[in-house]
Each structure stands twice: as C-alpha cells, then as structure tokens.
Amino acid sequence: MATKDEKKKIKAKKAKDESGGRKLVAQHKKARHDYLILDTYECGIVLTGTEVKSLRQGRASLVDGFGQLDGAEVWLHNVHIPEYTQGTWTNHAARRKRKLLLHRYEIERLIGKTQESGLTLVPLALYFLNGRAKVEIALAKGKKEYDKRQTLREKQDRRESDRAISAARRRQRAKA
C-alpha cells in the first residue's frame, strides 16, 4: 500500500503529464531552407489508432509531405507514418492522405492565399499537445537558388559577428 507522500507524488506526476506541453514527434528542418515561410497554422489531424501508437513511438517523416485544399477541406499528403509494429490486420497504410482540422475562417483564408501563384502548404512539425496529435503547417513560397545562398550567407555573417562579440567580451574579462 502506498503512503500519502507516494500518492501525492503519483498524483502530481499524472497532473504534469496531462498538462503536457509539446512533445515533438517529427520536424521538417529543411522546409525553412527551401521555402520562405509566410504564415503558420496549428491544426489537428485525423488519425487511426495504430497511427497514434506509431507516433507515440516517435516514428514519422514529413520530408515529402504537402497540404492540399479540396473544396472546404484541407488534406495532408505523403507524410510517412510507418505501420505500428504490434499492429495486426487493422494496421494503416503508411502514406495515406490525412484530413487536417482547421477552423472555417482559416480554411477560407488559405483558399484565398493558395490561389496566388507559387504558394503551397508545407508541414513543419508533427507533435502531441496535451495528448492530441497536432501538425504545424505553413503557407510557403519556394525559394530560388540565389535566395537560399543569400540566406546562408546572412546566417554565416550573423554567426561570425556573434563570435567576434563574444571573443571581445572574453578579452575584456581577462584584462579586468
């Protein structure tokens, strides 16, 4: 039988787990390099039971994924959620299209913006928030090769300036 202190610790741990926070499952890091992110949306995703279990094991890939508007619905294509290892004949297809859950006004805004040329929906992250699977999608525009080089150059310049500043601070501290 557990003591009062042990029961309090167990209760506190359960409350902490339920309040959750964000547990990252998969991230598309290269998307920020390949695309200019204009706007981001957090949306729910319709999943089957074995997909959720597979995600809880931390297995997914967003690399080839993209979002598509079909009427008044948003669908996520080519996101790879591998089959659940202990699944039976009820297992899911790894690359099926999955419905995204957004508010009506968000969908209408996306319909208006994706009709502009060159804009697409790209998944950035797949995570659990308070026990529910969420996807962060971005309205993005593809970068040209020179844009990618310019972004890398700016990032490198920022890094060099930060290094120079920290080196100067270290020298000042050494003198003092």
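In the predicted model, Leu-62 is in contact with Ala-26, Gln-27, His-28, Val-79, Pro-123, Leu-124, Ala-125 and Leu-126, when its neighbours within four places in sequence are left aside. The residue is found in the loop between helix H3 and strand S3, the latter spanning residues 66-70. With a relative accessible area of 2%, Leu-62 counts as buried, because this value falls under the 20% cut-off. The separation along the chain can be set beside the separation in space for one pair: Leu-62 and Val-122 are 60 residues apart in sequence, while their C-alpha atoms are 8.9 Å apart.

A comparable description can be given for Leu-139, which is found in strand S7 and is buried, with a relative accessibility of 1%. Beyond its neighbours within four places in sequence, Leu-139 is in contact with Leu-36, Ile-37, Leu-38 and Asp-39, with Leu-110, Lys-113 and Thr-114, and with Leu-119, Thr-120 and Leu-121. For Leu-139 and Ile-37, 102 residues apart in sequence, the distance from C-alpha to C-alpha is 6.2 Å. Over the whole protein, among contacts with a separation of 6 or more, 68% are made by residues 24 or more positions apart.

These residues belong to a protein with five helices and seven strands, which follow one another along the sequence in the pattern α-β-α-β-α-β-β-β-α-β-β-α. Of its 176 residues, 29% are buried, and its accessible surface comes to about 12,200 Å², with carbon and sulfur atoms accounting for 49% of that area.

In soluble globular proteins, nonpolar side chains tend to be buried together. In the present model, the largest nonpolar core contains 24 residues, among which Leu-100, Leu-102, Val-135 and Ile-137 touch the most other members. At least two residues of this core are supplied by each of strand S1 (22-27), strand S2 (35-45), strand S4, helix H4 (104-114), strand S6 (119-129) and strand S7 (132-142). A second core, separate from that one, has five residues, including Ala-31, Val-122, Leu-124 and Ala-138. The surroundings of Val-135 can be listed in detail: apart from neighbours within four places in sequence, Val-135 is in contact with Tyr-41, Glu-42, Cys-43 and Ile-45, with Leu-76 and Leu-100, and with Pro-123, Ala-125 and Leu-126.

The largest pocket has a volume of about 150 Å³. Its lining is formed by Gly-44, Ile-45, Leu-47, Val-52, Arg-56, Leu-101, Phe-128, Gly-131, Arg-132, Ala-133 and Lys-134. Strand S2, helix H3 (49-56) and strand S7 each supply at least two of the lining residues, and strand S7 gives the most, with three residues. Helix H3 also holds Ser-54, which is buried, with a relative accessible area of 0%. A polar atom of the Ser-54 side chain lies 2.8 Å from the backbone oxygen of Pro-82.

Polar side chains were also examined in strand S4 (residues 73-77), where His-77 is found. This histidine is buried, because its relative accessible area of 16% is under the 20% cut-off. The side chain of His-77 makes a polar contact, at 2.9 Å, with the side chain of Gln-68. Gln-68 also appears among the residues in contact with His-77 once neighbours within four places in sequence are set aside, together with Asp-64, Gly-65, Phe-66 and Lys-97.

Two asparagines were considered for their backbone angles. Most residues other than glycine have a negative phi. Asn-78, however, has a positive phi, near 60°, and its place is in the loop between strand S4 and strand S5 (98-101). A positive phi, of about 55°, is likewise found at Asn-130, which is not a glycine; this residue is in the loop between strand S6 and strand S7. Asn-78 is partly exposed, with a relative accessible area of 31%, and Asn-130 is also partly exposed, its value being 44%.

Note on methods
Residues are numbered from 1 along each chain as its sequence is written. This is a predicted model: local features need pLDDT of at least 70, side-chain atom pairs count only at pLDDT 80 or more; totals for chains, interfaces and linings use all residues. Side-chain values use heavy atoms; hydrogens and water are left out. Helices (H or I, at least four residues) and strands (E, at least two) are DSSP runs, numbered from the N terminus. Buried means under 20% relative accessible area, exposed over 50%, partly exposed in between (1.4 Å probe, protein chains only). Contact means heavy atoms within 4.5 Å. Accessible areas come from the Shrake-Rupley method with a 1.4 Å probe; for residues, only the protein chains shown count as cover. A polar contact is a pair of N or O atoms within 3.5 Å; within protein, one must be able to donate a hydrogen and the other to accept it, and residues adjacent in sequence count only if both atoms are side-chain atoms. A nonpolar core is a set of buried Ala, Val, Leu, Ile, Met, Phe, Trp, Tyr and Cys residues joined through side-chain atoms within 4.5 Å. On a 1 Å grid over the protein atoms alone, a cavity is a set of points where a 1.4 Å probe fits but cannot get out, and a pocket is an open set with protein on both sides within 12 Å along at least five of seven lines; lining residues have an atom within 4 Å of a point. Grid points are joined across faces, edges and corners, and a volume is the space filled by probe spheres set on the points.
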